[in-house]
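Please find below my notes on the model, set out as numbered points to be read alongside the coordinates.

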Amino acid sequence: MCFEGGPMKYLKQKIHVIDDKNLVTKYSLIEGDVLGDKAESVGYDGKFEASADGGCVCTTVIVYHTKGDYVVTEEEHNVHKEKASDLIKAIEAYLLANPSIYA
């Protein structure tokens with residue numbers, strides 16, 4: 001995956017699980033300049049659950065596999081979490097605008 005005009009030039013992800021029945025996804029960011037010199041990889045475990053308003057709630061657990069004894073700060077985590085949230089919102093907007101893709 002390449003990103004033109006953005007701070008990231010390259011990243012590679014590995015999909016571990018896509019469970020349509022239980023609405024679970026598990027994947028890892030395993031390569032890319034976004035990992036810098038502090039992280040080996042970042043794991044994501046996502047679960048989608050129905051909400052009372054007819055939508056859904058996505059819960060994501062992020063696991064950082066850092067290099068050496070580096071500890072991810074709360075500020076770094078919050079930036080990472082915000083970028084992930086922006087991606088989910090963009091996907092949601094696309095799917096809402098294009099229901100024939102999943103209907």
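1. Is Tyr27 buried, partly exposed or exposed, and what is its relative accessible area? In this model, which is a predicted one, Tyr27 is partly exposed, with a relative accessible area of 28%; this value lies between the limits of 20% for buried and 50% for exposed residues, and the residue is therefore assigned to the intermediate class.

2. Tyr27 takes part in the 1 aromatic pair that the structure holds, its partner being Tyr44. The two rings are stacked, with a distance of 4.8 Å centre to centre and an angle of 15 degrees between the planes. Because Tyr27 belongs to strand β2 (residues 24-32) and Tyr44 to strand β3, the pair ties together parts that are 17 residues apart in sequence.

3. Tyr44, for its part, is buried, with a relative accessible area of 7%, and it is also a member of the largest nonpolar core, whose 7 residues are Leu11, Leu29, Leu35, Ala39, Val42, Tyr44 and Ile62. Strand β3, which spans residues 39-50, gives the most to this core, contributing 3 residues.

4. Turning to the surface, a nonpolar patch of about 800 Å² is made by Leu87, Ile88, Ile91, Tyr94, Leu95, Leu96, Ile101 and Tyr102. Of these residues, Tyr102 is found in the segment that follows α1 (74-97), and Tyr102 is partly exposed, with a relative accessible area of 49%. Since a patch residue needs over 30% relative accessible area, a partly exposed residue with the 49% of Tyr102 passes that cut-off.

Note on methods
Residues numbered from 1 in each chain as written. Predicted model: local features only at pLDDT ≥ 70, side-chain atom pairs only at ≥ 80, totals over all residues. Heavy atoms only, no water. Patch = residues over 30% accessible without salt bridge, like charges linked within 9 Å, V, L, I, M, F, W, Y side chains within 5 Å. Areas by Shrake-Rupley, 256 points an atom, 1.4 Å probe, with all protein chains shown as cover. Salt bridge = Lys/Arg side-chain N within 4 Å of Asp/Glu carboxyl O. Helix = DSSP H or I, 4+ residues; strand = E, 2+ residues; numbered from the N terminus. Buried < 20%, exposed > 50% of the residue type's maximum accessible area, 1.4 Å probe, protein only. Core = buried A, V, L, I, M, F, W, Y, C linked by side-chain atoms within 4.5 Å. Phe/Tyr/Trp six-rings, centres within 6.5 Å; stacked < 30°, edge-to-face > 60°.
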